[in-house]
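The report below describes strand pairing, a buried threonine, the nonpolar core and the aromatic side chains of one protein model. Please read it alongside the sequence and the structure.

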Amino acid sequence: VGDAITIVYGTEVFDQNSDFTSNTFTAPVSGKYQLSATTRIGSNIDSASSYYMLELATSNRQYKSIFDPDFGQDNVYWSVALNVLADMDAGDTVNVKVTQNNGDAITDIEGAVQYTYFSGYLVC
């Protein structure tokens, strides 16, 4: 609660250039990169929290998606997606982070690959 938590991914589907570790994508060359993250927030979304935020944190800037979980009850799960075209230099990095602003620490990230995933690739 209150901290931006970096998501650690346990499975790689493919990584053709070894640019990804368990939680960090590193741009191999300078260019424009399509970055996408989907995260399933689950096991009780706390309606008492002011907001939840999904963030793509690059070396140059942060891209954020935010939602207010006040649905009148603690929902079981919610998927959040964020897609950006980011300018990255060779060696720049990106991490995916989730923040629960306040409330009780009752929320988990669903780590199954069909619910929580990241992709990044060079566009031009």
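## The S4–S5 hairpin

Tyr-52 has Phe-67, in S5, as its bridge partner. Strand S4 (residues 52–58) pairs with S5 in the antiparallel sense over six bridges, where two strands count as paired if DSSP finds at least two bridges between them, and a hairpin of three residues joins S4 to S5. Strands are DSSP runs of E with at least two residues, numbered from the N terminus. This is a predicted model, in which local features need pLDDT of at least 70 and side-chain atom pairs count only at pLDDT 80 or more, while totals for chains, interfaces and linings use all residues. Residues are numbered from 1 along each chain as its sequence is written, and side-chain values use heavy atoms, with hydrogens and water left out.

The side chains alternate along S5 (residues 62–67): Tyr-63, Ser-65 and Phe-67 point to one face and are buried (under 20% relative accessible area, with a 1.4 Å probe and protein chains only), whereas Gln-62, Lys-64 and Ile-66 point to the other face and are not buried.

## Thr-58

Thr-58, found in strand S4, is buried, with a relative accessible area of 12%. A polar atom of the Thr-58 side chain lies 2.7 Å from the backbone oxygen of Arg-61. Leaving aside neighbours within four places in sequence, Thr-58 is in contact (heavy atoms within 4.5 Å) with Leu-35, Tyr-63, Thr-93 and Val-94.

## The nonpolar core

The largest nonpolar core, a set of buried Ala, Val, Leu, Ile, Met, Phe, Trp, Tyr and Cys residues joined through side-chain atoms within 4.5 Å, has 24 residues, of which Leu-35, Leu-56, Val-96 and Phe-118 touch the most other members. Two or more residues of this core come from each of strand S3 (31–45), S4, S5, strand S6 (75–88) and strand S7 (93–100). Beyond neighbours within four places in sequence, the contacts of Val-96 include Ile-5, Ile-7, Ala-37, Leu-54, Leu-56 and Phe-118.

## Aromatic side chains

The structure holds six aromatic pairs, a pair being rings of Phe, Tyr or Trp (its six-membered ring) with centres within 6.5 Å. The rings of Phe-25 and Tyr-33 have centres 5.9 Å apart and planes at 65 degrees, so this pair is edge-to-face, the class for planes over 60 degrees apart, as against stacked under 30 and tilted for the rest. Both Phe-25 and Tyr-33 are buried, and ring pairs link them with Tyr-9, Phe-20 and Phe-118 into a cluster.

Arg-40 lies over the face of Tyr-115, at 4.1 Å from the ring centre; this requires NZ of Lys or CZ of Arg within 6 Å of the ring centre and within 35 degrees of the ring normal.

Notes:
Buried means under 20% relative accessible area, exposed over 50%, partly exposed in between (1.4 Å probe, protein chains only). Helices (H or I, at least four residues) and strands (E, at least two) are DSSP runs, numbered from the N terminus. A polar contact is a pair of N or O atoms within 3.5 Å; within protein, one must be able to donate a hydrogen and the other to accept it, and residues adjacent in sequence count only if both atoms are side-chain atoms.
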